[in-house]
Amino acid sequence: MATNKAKRSIHLTQPNPKPAAPAPVKPHVYYTIAELNAGLEKAIHNLHMLQSNGMFGASDLAEMYRALRGIHARANRQLIMALNERETANAAHFQPPRIEPESH
């Protein structure tokens with residue numbers, strides 16, 4: 001017996017819509033970024049250790065080392081830019097209104 005499944009379109013390449021209300025960044029987001037950084041640093045360190053071993057092709061490992069450093073830097077830059085945008089919007093929303101002094 002054949003079943004008819006409705007196809008859902010998934011728009012992964014479209015930008016996320018702007019949230020209607022402020023959306024505080026959850027602590028797990030910062031924790032996950034820290035875990036990502038720790039993992040990348042560990043991988044970079046391990047490549048460096050293998051490079052100093054002399055058993056493997058130094059040029060290949062050096063290229064991987066540079067590529068991983070670049071990925072690390074780009075990931076942090078993009079994540080920090082997104083966090084900055086969100087936190088700036090949240091700060092603007094939650095900031096108390098400015099009271100201007102009366103002029104006489």
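**Stop 1: Asn90**

Select Asn90, in helix H2, which spans residues 58–94. This is a predicted model. Is Asn90 buried or exposed? Asn90 is buried, because its relative accessible area is 6% and buried means under 20%. Now show what surrounds the residue. Leaving out residues up to four places away in sequence, Asn90 touches Pro22, Ala23, Pro24 and Val25.

**Stop 2: His72**

Stay in helix H2 and select His72. His72 is buried too, with a relative accessibility of 9%. Which residues does His72 contact, apart from its neighbours within four places in sequence? They are Asn37, Leu40, Glu41 and Ile44. Pick out Glu41 from that group. The side chains of His72 and Glu41 make a polar contact at 3.3 Å.

**Stop 3: Glu41 and Arg69**

Keep Glu41 selected and add Arg69. Their side chains form a salt bridge, 3.6 Å from N to O. Glu41 sits in helix H1 and Arg69 in helix H2, so this pair ties together parts that are 28 residues apart in sequence. Check the surface as well. Glu41 is partly exposed, at 35% relative accessibility. Arg69 is also partly exposed, at 34%. So Glu41 has two partners to look at here: the side chain of His72 through a polar contact, and the side chain of Arg69 through a salt bridge.

**Stop 4: Glu63 and Arg66**

How many salt bridges does a search of the whole structure find? The search finds two. For another one, select Glu63 and Arg66, whose side chains meet at 3.0 Å, N to O. Both residues belong to helix H2. They are three residues apart, about one turn of the helix. Glu63 counts as partly exposed, with 45% relative accessibility.

**Stop 5: a nonpolar patch**

Select Leu50, Met55 and Phe56, and switch on the surface. Together they make a nonpolar surface patch of about 300 Å². Leu50 lies in helix H1, which covers residues 27–53. Leu50 is partly exposed, because its relative accessibility is 36%.

**Stop 6: confidence**

Finally, colour the model by pLDDT. The protein averages 81, and 75% of the residues score at least 70. Now select residues 9–13. Here pLDDT stays under 50. The model has zero contacts for this stretch beyond four places in sequence.

Definitions and conventions. Residues numbered from 1 in each chain as written. Predicted model: local features only at pLDDT ≥ 70, side-chain atom pairs only at ≥ 80, totals over all residues. Heavy atoms only, no water. Helix = DSSP H or I, 4+ residues; strand = E, 2+ residues; numbered from the N terminus. Buried < 20%, exposed > 50% of the residue type's maximum accessible area, 1.4 Å probe, protein only. Contact = heavy atoms within 4.5 Å. Patch = residues over 30% accessible without salt bridge, like charges linked within 9 Å, V, L, I, M, F, W, Y side chains within 5 Å. Areas by Shrake-Rupley, 256 points an atom, 1.4 Å probe, with all protein chains shown as cover. Salt bridge = Lys/Arg side-chain N within 4 Å of Asp/Glu carboxyl O. Polar contact = N/O pair within 3.5 Å; in protein donor to acceptor, adjacent residues only side chain to side chain. pLDDT = per-residue confidence, 0-100.
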